[in-house]
Amino acid sequence: MKKIVIEGGAKLQGSINISGSKNSSLPILAATLLIDEKIILNNVPNVKDILTMVSLLETLGKKIKIKNNTLEITSTNKPSYFAKYELVKTMRAGILVIGPLLAKFNMAKVSLPGGCAIGARPVDIHLDFLSKIGYENKVVKGYVVSKKKFSKNKISFFFKKISVGATETAILSSCLSSKEVKLINIAIEPEVIDLINFLNRSGTNIKFIAKRSLIIKGVKNLRGLKYQIMPDRIEAGTYMVASAITNSPLILKNISVVHLKNIINIFKKIGLNIKILSDRSLKVLPGRLKSIRIKTVPYPGFPTDMQAQLMSLLIFAKGISEIKEDIFENRFLHVLELQRMGAKIEIKNNKAKIIGIDYLSGAQVMATDLRASVCLVLAGLVAHGKTEINRIYHLERGYENLVKKLKNCGAKIKIINVR
Ligand code: EPZ
């Protein structure tokens, strides 16, 4: 087992290069199942979830060469439509292969991803859509077994709830077909737009007809292509907090400022001075932190994936702040760990009240999910004394070279192996 050890109090300086987006890479990797020709993906982050998705695609008939952050994907002559539990259980995005498998084979057997720390995370909306476009879906021994029942050429589907994954499944299952599919009330996160751009570049015809509605005109086949994954906006937001919480100016590079507008606005509201250097870089200049009341909502609102990181920062904001977690039912697991470090946080249903204090004390803490883990790293950077974070495999799922990036900016942080 490994753990992270941080000596709090070090100032940061310099700049951090942001990696490609995990949550854009995963659906785009699933989309490669639709394309037989060679695909080159650049700027793919080297994180555990990507390696898991690569292993899954290799069991489904893909051959994938990884060179640094570039993936070369070709097809073998051994395709399969069976996505096994062992690979899907650790990475919820495994469910995203069901759409492409059905589009290619008219059948699929995909392990249910199972819940995770932040909530049950059902896939009912994914399956509602697949039923609507003609597939019969049964859950048999933990697997979704789907097969074609009927075909409709013109379909319109309204999402009862805005869902990133279900929107991606709807797009992935419709673009290689003779169907015309209208989707209404879709998620419009930048990662969904990146998937749409990738598919349109490959030959699909996906057009927006309103802010949250689009029409997909399916095509017979898709061309191979070279594609650059968008920068990871949540990684960028995370390091903006690292700069603010340690009261140190930091420059972020290789970002997409346009995707960060909502996050930048909130940080300005709590007193940070964010200087836009170009559309690919910005500088965070710390300021006196002010309390705020905020809730997590679908894009373009404040993202749930930044909730834990913002909470660690609001611990030091003067006054009382409030965060309402409106997306997941159990995404406050980091609170218990922050309280062990001395944070004054009260939870009532899906609301967290954060009372501003002057300092945290380092402690032994435990990571529970990807973003809760990074929030403990952020708190450890500024806590008095030593913080030890256990179960850091959560972090390795979604942050490329996190310890190295922080160490290069002056943080006293290291990974140690424990028996
Ligand atoms: C994606 O998860 C992201 N993961 C999550 O990031 C992110 O937090 C989430 O979108 C919201 O932005 C990837 O892109 C790989 P949803 P997803 O479907 O697609 C409910 C991270 O830290 N729901 O938008 O699973 C669901 O339970 C991860 O990088 C249903 O009820 O999220 C949740 O309450 C964590 N039925 C809400 O909708 C469904 O069929 C939003 O979930 C699907 C979802």
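In which strand does Ser-213 lie? Ser-213 belongs to strand 13, which spans residues 213-217. The model examined here is predicted. In this model Ser-213 counts as buried, because its relative accessible area is 10%, below the 20% bound. Beyond its neighbours within four places in sequence, Ser-213 contacts Leu-183, Ile-184, Asn-185, Ile-186 and Phe-208.

The protein is divided into two parts. Domain 1 comprises residues 2-19 and 231-417, and domain 2 comprises residues 22-228. The C-alpha centres of domain 1 and domain 2 are 30 Å apart. Contact between the two domains involves 23 residues of domain 1 and 23 residues of domain 2. Both domains also contribute to the ligand shell. Domain 1 and domain 2 each provide at least three of the shell residues.

The ligand is surrounded by 20 residues. Asp-124, Ser-163, Val-164, Asp-305 and Ile-327 are the closest. Sorted by class, the shell holds 8 nonpolar, 5 polar and 7 charged residues. Four helices each supply at least two shell residues: helix 1, helix 5, helix 6 and helix 12. Helix 5 gives the most, with 3 residues.

Polar contacts to the ligand come from side chain and backbone. The side chain of Asp-124 places an N or O atom 2.7 Å from a nitrogen atom of the ligand. At Val-164, a backbone N or O atom lies 2.8 Å from a ligand oxygen. Gly-165 also takes part through its backbone, with a polar atom 2.8 Å from an oxygen atom of the ligand. On its own, the ligand has 820 Å² of accessible area, and the protein covers 88% of this.

Helix 12 covers residues 370-382. Of its 13 residues, 13 are buried, and the helix is mostly covered. A side-chain oxygen of Asp-369 reaches to within 3.1 Å of the backbone nitrogen of Arg-371 at the start of helix 12. Helix 12 is also one of the helices that supply at least two residues to the ligand shell.

Helix 4 runs from residue 98 to residue 105. Because 6 of its 8 residues are buried, helix 4 is largely enclosed by the rest of the structure. The buried residues are Ile-98, Gly-99, Pro-100, Leu-101, Leu-102 and Ala-103. What do these buried residues pack against? Their helical partners are helix 1 (22-31), helix 5 (124-132) and helix 6 (164-174). Their strand partners are strand 7 (107-111), strand 8 (135-140) and strand 9 (143-148). Helix 1, helix 5 and helix 6 also each supply at least two residues to the shell around the ligand.

Asn-106 follows helix 4. This residue sits in the loop between helix 4 and strand 7. The phi of Asn-106 is positive, at about 60 degrees, although the residue is not a glycine. Is Asn-106 buried or partly exposed? Asn-106 counts as partly exposed, because its relative accessibility is 34%, between the bounds of 20% and 50%.

Strand 9 contains Val-145. This residue is partly exposed, with a relative accessible area of 30%. The C-alpha atom of Val-145 is 7.6 Å from that of Met-107, a residue 38 places away along the chain. With residues up to four places away in sequence left out, Val-145 touches Ala-108, Lys-109, Glu-136, Asn-137, Lys-138 and Val-140.

Two further loops show notable backbone geometry. The loop between strand 18 (293-296) and helix 10 (307-314) holds Pro-300. The peptide bond from Tyr-299 to Pro-300 is cis, with omega near 15 degrees. Asn-349 is found in the loop between strand 20 (344-348) and strand 21 (351-355). Asn-349 is not a glycine, yet its phi is positive, at about 55 degrees. Asn-349 is classed as exposed because its relative accessible area is 69%, over the 50% bound.

Conventions
Residues are numbered from 1 along each chain as its sequence is written. This is a predicted model: local features need pLDDT of at least 70, side-chain atom pairs count only at pLDDT 80 or more; totals for chains, interfaces and linings use all residues. Side-chain values use heavy atoms; hydrogens and water are left out. Buried means under 20% relative accessible area, exposed over 50%, partly exposed in between (1.4 Å probe, protein chains only). Contact means heavy atoms within 4.5 Å. A residue is near a molecule or strand if one of its heavy atoms lies within 4 Å of it. A polar contact is a pair of N or O atoms within 3.5 Å; within protein, one must be able to donate a hydrogen and the other to accept it, and residues adjacent in sequence count only if both atoms are side-chain atoms. Accessible areas come from the Shrake-Rupley method with a 1.4 Å probe; for residues, only the protein chains shown count as cover. Ala, Val, Leu, Ile, Met, Phe, Trp, Tyr, Cys and Pro count as nonpolar, Asp, Glu, Lys and Arg as charged, and the others, Gly among them, as polar. Domain bounds come from an automatic or database domain assignment.
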